[in-house]
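Visitor: Hello! I am new to this structure and would love a close look at a single part of it.

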Amino acid sequence: MLLFNVTPVIEVEGLSRTYGERTALAGVSFAVRPGEVFGLLGPNGGGKTTLFRVLATLLPPSQGSARVFGMDVVRDADAIRRRIGVVFQEPALDRHLTVAENLRHQGHLYGLSGRGLRARMEEALSRLGLWERRDDLVSRLSGGLRRRADLARGALHGPDLLLLDEASTGLDPAARRDFREGLHRLREQDGVTILLTTHLMDEAEGCDRVAILDGGRLVALDSPEALRRSVGGEVIRVQAEAPGRFQQEVRERFGLEAQVIDGAVRVTCEDGQGVMLGLLRAFGEQIASITLSRPTLEDVFIAKTGHRFQEARES
Amino acid sequence: MLAVWTLWLRELVRFYRDRHRMIGAFGQPLLFWLLIGSGFGGSFQAGGGTYLEYLYPGTLMLVLLFTAIFSTISVVEDRREGFLQSVLVSPIPRSGLVLGKVLGGTTMALLQGVIFLALAAALGISLRPPAAVSALGPVFLVAFGMTGLGFCIAWRMSSTAGFHAIMNVFLMPLWLLSGAFFPRSGAPAWLGFVMEVNPMTYGMSALRQTLSAGSSVQAEGLPSLPLSLIVTAAFAAFTFFLSMVSVRRQK
């Protein structure tokens, strides 16, 4: 499966970044292959945005190295900037200007002008279904359209690598789906490599590979499917009257690992159906609700870090 | 160059679309001039003319200051809205970013200055056209310096409220003590010293002397015109340099 002879688009080795006393990234290493949609999943404060800013040449590493297209993010920042497109958490569009004016400015920043620029603008806007809206002021666009216009902006100069930081935050599920389709079109038509950061599980599910970051460390890296498989078996969640006592009884009577997370008891096991029926027979009157599911990426996160995704976000 | 041009153009388009800013940067000094100039008119003694006449070049300075400052406030907004980030990750040199932004602000201040000069007759100020034209040099230098200064301040600010605070406690006093509002001759010694080291004093002096076309009454007690121009140009170069350093340092 692995193509070792291909130069990675991104290569990060022992990357650390500190802000004064605080460590935002601690020795992170990974590589992104050409044409991949690569997700950085983690709670806020997990180090995603710091890593993103290093790769976007905005922040120098404290230790270790980060290379994009084989070039160093500090020494060769200019050469890298020509080949990357960046979409930030906040759309980088001027609200007082129209969509087309914004894209024209963007093109100029990349040395595009005249007919070549017009052709690219038409291509970028049509592909994302925004050609008809090109003369609208950005301030009049809905959040979803604004995001798509920002994606058109980031991809206008035909970058080989697109970096997106929480780019679908604040969008409703339908707009998020549109945005994701836009991304996948870019990858399929232009072969763009995409790295995105997210704290949304469903967004991470749509990536080819996902790196899970927590507390500045890389805790897991694989395809979503392989990550889920690594947790194994099935997950049963039980809402019970006294979760603590329930957890203990499950451990004692079934010999299964159980955790109390968010007021619910979470049991991981191989034979989900059998265990579920067993639990119902044994503790029927204590159970308010019980669900059985395959492990999600959230379960992967819990298994790898020992705590909930939300807790990490709050701390 | 294309990048400088596009950033410059953007400033202008934004300013034109955001007419409240345009009116605010122009109307406030004008109102100031009318009310204070008329109110003090009777008690003002320095020089030969009326206080309205004395305050006219000072008001021009205020128009330049306000326009330059308001245009650089967009740096704070750009940072918040993410626009600035997209410029920072583009391949344009940092100097291009500063130049585009500062020239944009300077151009707008220059335009507002020209409008204000054109209104002289309507405001009852006798201003000979050659004098108005010769004032454009100092107007440009002052506008460039103010925009550069605004840029340095805005680059460090995370909110527009912070910028307004600096404006009120730092820039407005500098303007008040530039000889725009009252001449140095009547001020106590310590204030006179502050006025002497205030770079705005020299811009003010250059504006006043070119506008009065060498009339000795207005030029009394002011630094010479060449000195005023040199200090003003040096200040403009200094703030531009400072802006470049700020942008380079920030990673």
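In strand 2 of chain A, which residue is the bridge partner of A:Tyr19?

Guide: Happy to show you around; please keep in mind that this is a predicted model. The residue you are asking about is A:Arg22, the bridge partner of A:Tyr19 in strand 2 of chain A. This pair belongs to a hairpin formed by strand 1 and strand 2 of chain A, with two residues between the strands. In that hairpin, look for A:Gly20, which takes a positive phi near 60 degrees.

Now follow the two strands along. Strand 1 of chain A covers residues 10–19, and seven bridges join it to strand 2 of chain A. The two strands run antiparallel. Another pair to find is A:Leu15, which stands opposite A:Val28 in strand 2 of chain A. As general background, strands of a sheet pair through backbone hydrogen bonds, either parallel or antiparallel.

Let us step back to the sheet around the hairpin. It is an open sheet of four strands in chain A, with the order 2-1-4-5 and antiparallel pairing. Strand 2 (22–32) and strand 5 (71–72) of chain A are at the edges; each has a single partner strand, so one side of each is left without a neighbour in the sheet.

From strand 1 we can also move towards the interior. A:Ile10, where strand 1 of chain A begins, is in contact with A:Leu55. Leaving aside neighbours within four places in sequence, A:Leu55 is also in contact with A:Ala66, A:Val68, A:Val73, A:Leu163 and A:Leu195. A:Leu55 is one of the residues that touch the most other members of the largest nonpolar core, which has 143 residues. Others in that group include A:Ala152 and A:Leu163 from chain A, and B:Met61, B:Leu64 and B:Leu65 from chain B. Helix 3 (residues 51–81) of chain B gives this core its largest share, 16 residues. Apart from this core lies another, of twelve residues, among them A:Ala258, A:Val267, A:Cys269 and A:Leu279.

While you have chain B in view, glance at helix 5 (residues 94–118) as well. Of its 25 residues, 19 are buried, so helix 5 of chain B is largely enclosed by the rest of the structure. From its first C-alpha to its last, helix 5 of chain B reaches 36 Å, close to the 36 Å expected at 1.5 Å a residue.

Key: Residues numbered from 1 in each chain as written. Chains lettered and ligands numbered in written order. Predicted model: local features only at pLDDT ≥ 70, side-chain atom pairs only at ≥ 80, totals over all residues. Core = buried A, V, L, I, M, F, W, Y, C linked by C-beta atoms within 7 Å. Buried ≥ 20, exposed ≤ 12 C-beta atoms within 10 Å, placed from the backbone. Contact = placed C-beta atoms within 7 Å. Pairing = 2+ DSSP bridges. Expected span 1.5 Å × (residues − 1).
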